[in-house]
Amino acid sequence: TFQTQAYVTVTGTGFAQQQIFCKVGLALKAAQAAWVTSSKAICPVSPRLGGNFSIEVSNNEQDFTASGMILRRLADSYKKASVSPSCGPIAGGTMITISGLEEVKEIRLSRQSAVLHLVNGSTTIAITPGVKSEGLIELSMKIGESDLVTHSD
């Protein structure tokens, strides 16, 4: 089965490759983030998280940024979303169906654009591009004016 986990890409400077942590909203415990570059990290957020929240980052899990950046996410829109199938050949060309989301404007797999075909208001078909290697890939969707990033197994 396909499971989604939501992620937010955070940009900044001085992100340590060994460890980087994110605190989302008023969370007491920080989550391990995925280091991408010294200026980019990917922070996990709950797919059920809704409303306004902040994300702060730390290289040592104690001294967090305090940028005051507030993000808004309308969680109810994503609860019924599904993507299938959850795998395909690295050469691309797989037709994937995104159901339960309206206003899908763009889909990227590992930062490469997929070709979109709107079937109806809440179903979108995308033809996947090729990717460089096997394994976990990043699936990004632009929904209306906001971005949602998820990963799949």
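Trainee: Which residues touch the most other members in the largest nonpolar core?
Mentor: Val10, Phe15, Cys22, Cys43, Val45, Ile55 and Val57 do, out of 14 residues in that core. A nonpolar core here is a set of buried Ala, Val, Leu, Ile, Met, Phe, Trp, Tyr and Cys residues joined through side-chain atoms within 4.5 Å. Buried means under 20% relative accessible area, exposed means over 50%, and partly exposed is in between (1.4 Å probe, protein chains only).

Trainee: And which elements give two or more residues to this core?
Mentor: Those are β1 (6-11), β2 (21-24), β5 (40-45) and β6 (51-58). Strands are DSSP runs of E, at least two residues, and helices are runs of H or I, at least four residues, all numbered from the N terminus.

Trainee: Before we go on, what sort of model is this?
Mentor: It's a predicted model: local features need pLDDT of at least 70, side-chain atom pairs count only at pLDDT 80 or more, and totals for chains, interfaces and linings use all residues. Residues are numbered from 1 along each chain as its sequence is written, and side-chain values use heavy atoms, with hydrogens and water left out.

Trainee: Okay, back to the core. What does Phe15 touch?
Mentor: Not counting residues up to four places away in sequence, Phe15 touches Val10, Ile20, Trp35, Thr37, Ser38, Ser39, Lys40, Ala41, Val57 and Asn59. Contact means heavy atoms within 4.5 Å. Apart from the core we started with lies another one, of 13 residues, among them Leu101, Ile137, Leu139 and Met141.

Trainee: How many disulfides does the structure hold?
Mentor: One. Cys22 and Cys43 form it, with their sulfur atoms 1.7 Å apart; the cut-off for a disulfide is a pair of cysteine sulfur atoms within 2.5 Å. The pair links distant parts of the chain, with Cys22 in strand β2 and Cys43 in strand β5, 21 residues apart.

Trainee: Left-handed or right-handed?
Mentor: The torsion about the S-S bond of Cys22 and Cys43 is about -50°, so the disulfide is left-handed.

Trainee: Are those two cysteines buried or exposed?
Mentor: Cys22 counts as buried because its relative accessibility is 1%, and Cys43 is buried at 0%. Cys87, on the other hand, is exposed, with a relative accessible area of 62%.

Trainee: Changing topic: how many helices and strands are in the chain?
Mentor: Zero helices and 15 strands. Of the 153 residues in the chain, 35% are buried. Take the contacts between residues at least 6 apart in sequence, and 53% of them join residues at least 24 apart.

Trainee: What's going on with Glu56 in strand β6?
Mentor: Glu56 is buried yet has no salt bridge, and the nearest side chain of opposite charge, Lys23, is 10 Å away. For charge, Lys and Arg count as positive and Asp and Glu as negative, while His and the chain ends are not counted. A salt bridge needs a side-chain nitrogen of Lys or Arg within 4 Å of a carboxyl oxygen of Asp or Glu.

Trainee: What does the side chain of Glu56 reach, then?
Mentor: The backbone nitrogen of Ala66, at 3.4 Å.

Trainee: Which peptide bond is cis?
Mentor: The one from Ser84 to Pro85 is cis, with omega near -5°. Pro85 sits in the loop between β8 (82-84) and β9 (95-99).

Trainee: And what about phi of Glu61?
Mentor: Phi of Glu61 is near 65°, a positive value in a residue other than glycine. You'll find Glu61 in the loop between β6 and β7 (70-73), and its relative accessibility of 37% makes it partly exposed.

Trainee: Asn60 is in that loop too, right next door in my viewer. Which side chain does it join?
Mentor: Asn60 does lie in the loop between β6 and β7, and a polar contact of 2.9 Å joins its side chain to that of Ser58. A polar contact is a pair of N or O atoms within 3.5 Å; within protein, one must be able to donate a hydrogen and the other to accept it, and residues adjacent in sequence count only if both atoms are side-chain atoms. The side chain of Asn60 also reaches the backbone nitrogen of Gln62 at 2.8 Å.

Trainee: Last one: where is Ser39, and what is it in contact with?
Mentor: Ser39 is in the loop between β4 (34-37) and β5. Leaving aside neighbours within four places in sequence, Ser39 is in contact with Val10, Thr11, Gly12, Thr13 and Phe15.
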